[in-house]
Amino acid sequence: MPGWVSGLPAGADATLAGILGLLIGSFLNVVIYRLPKIMERQWSLECAEITGTAPPAAESFNLLVPRSRCSNCGHVIRWYENIPVLSYLFLKGQCSVCGTKFGVRYPLVEAVTGALFFFCAWRWGLSWTALAWAGFAASLLVLALIDWDTTLLPDDITLPLLWAGLIVAALNWNPATGLSQALWGAVAGYLSLWLVYWAFKLVTGKEGMGYGDFKLFAALGAWFGWSALVPVILMASVIGAGVGIAMKFSSGLREGGYVPFGPFLAGAGLTAMVFGPQAILRVVGL
């Protein structure tokens, strides 16, 4: 598909996309931290409404308000302290006022988002296809980290990701997946994990995964088509099992002894985007 910009030096389009990805990655850090808290506040308001009690008093809190600040001293992060990756390195990963350490995840998310955007523009040029896959990659990164932190896969991201996959296929922005493949991929993705969930629950009496996993797998089916579901779920399961075993032996499992499955589905989706779904089957010898 033709790009939006012509006449740029070789690699310049990908570099521009990578810089944009760094900036977007900074915002993704905000989404990863705040979206679960916004959901919790909404649940509290709904519970208060149902029970007829007064809702808890709280300041405005969304993805834009209030401004980012140090969790220890309340220092509001200035714009020059929020330059992706560079500010973290310059400040040595700590608050400029109280010296509280900031997690290394912040620059890592920015760097990974920049690398993913760079890849999308390098592969597809500055085009609608590249924009679509960059949005796909950013969404999976956010979902993976939110699920790892909270075991939540917000509908605010999984459902738009599912619809976006179908729309991208309908607009022919995803040449590898036609609308029919995307539609049946979404259906098969949801139903397959739904059936596994109920089979496991009937046999063990326990819930092996959440409904968010069904929706995420449906979204992956919409983006890659039904034929990609087997390699994607295979890779997610193998990596998930390996990480779970490693965490068990290192006593890293959280209370209840479970590991969320969403991060591994997201990781398999990103791998399929970069290398192609069939490459996963070749790696495992199928």
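Thr151 lies in the loop between α4 and α5 of this predicted model. Its phi is near 60 degrees, a positive value in a residue other than glycine. Most residues other than glycine have a negative phi, and most peptide bonds are trans. With a relative accessible area of 35%, Thr151 falls between the limits of 20% and 50%, so Thr151 counts as partly exposed.

A second residue of this kind is Asn172, which also has a positive phi, of about 60 degrees, without being a glycine. Asn172 sits in the loop that joins α5 to α6. Its relative accessibility is 56%, and because the limit for exposed is over 50%, Asn172 is classed as exposed.

The backbone also has a cis peptide bond, from Val65 to Pro66, with omega near -5 degrees. Pro66 belongs to the loop between α1 and α2, the latter spanning 86-90.

These loops connect parts of a helical chain: the secondary structure consists of ten helices and zero strands. In sequence order the pattern is therefore α repeated from start to end, α-α-α-α-α-α-α-α-α-α.

The overall dimensions come next. For 286 residues, a compact globule would have a radius of gyration near 19 Å, and the value of 21 Å for the chain agrees with this. Along the principal axes, the C-alpha atoms occupy a box of roughly 60 × 55 × 45 Å. Of the contacts with a separation of 6 or more, 70% are between residues 24 or more positions apart.

Inside the chain, 41% of the 286 residues count as buried. The largest nonpolar core has 59 residues, and Phe136, Leu140, Phe224 and Met273 touch the most other members. Eight helices each supply at least two residues of this core: α1 (12-51), α3 (105-124), α4 (128-150), α5 (155-170), α6 (179-204), α7 (211-224), α8 (229-249) and α9 (262-275). The largest share, 14 residues, is from α4.

Which residues does Phe224 touch, leaving aside those up to four places away in sequence? They are Trp133, Phe136, Thr177, Gly269, Ala272, Met273 and Pro277. Two of these, Phe136 and Met273, are themselves among the core residues that touch the most other members.

On the outside, the chain exposes about 15,800 Å², of which carbon and sulfur atoms supply 67%. The chain has 16 positive and 14 negative charges, and the mean positions of the two sets are 8 Å apart.

Methods:
Residues numbered from 1 in each chain as written. Predicted model: local features only at pLDDT ≥ 70, side-chain atom pairs only at ≥ 80, totals over all residues. Heavy atoms only, no water. Helix = DSSP H or I, 4+ residues; strand = E, 2+ residues; numbered from the N terminus. Rg over C-alpha atoms; globule rule 2.2 N^0.38 Å. Buried < 20%, exposed > 50% of the residue type's maximum accessible area, 1.4 Å probe, protein only. Contact = heavy atoms within 4.5 Å. Areas by Shrake-Rupley, 256 points an atom, 1.4 Å probe, with all protein chains shown as cover. Lys, Arg positive; Asp, Glu negative; His and termini not counted. Charge placed at Lys NZ, Arg CZ, Asp CG, Glu CD. Core = buried A, V, L, I, M, F, W, Y, C linked by side-chain atoms within 4.5 Å.
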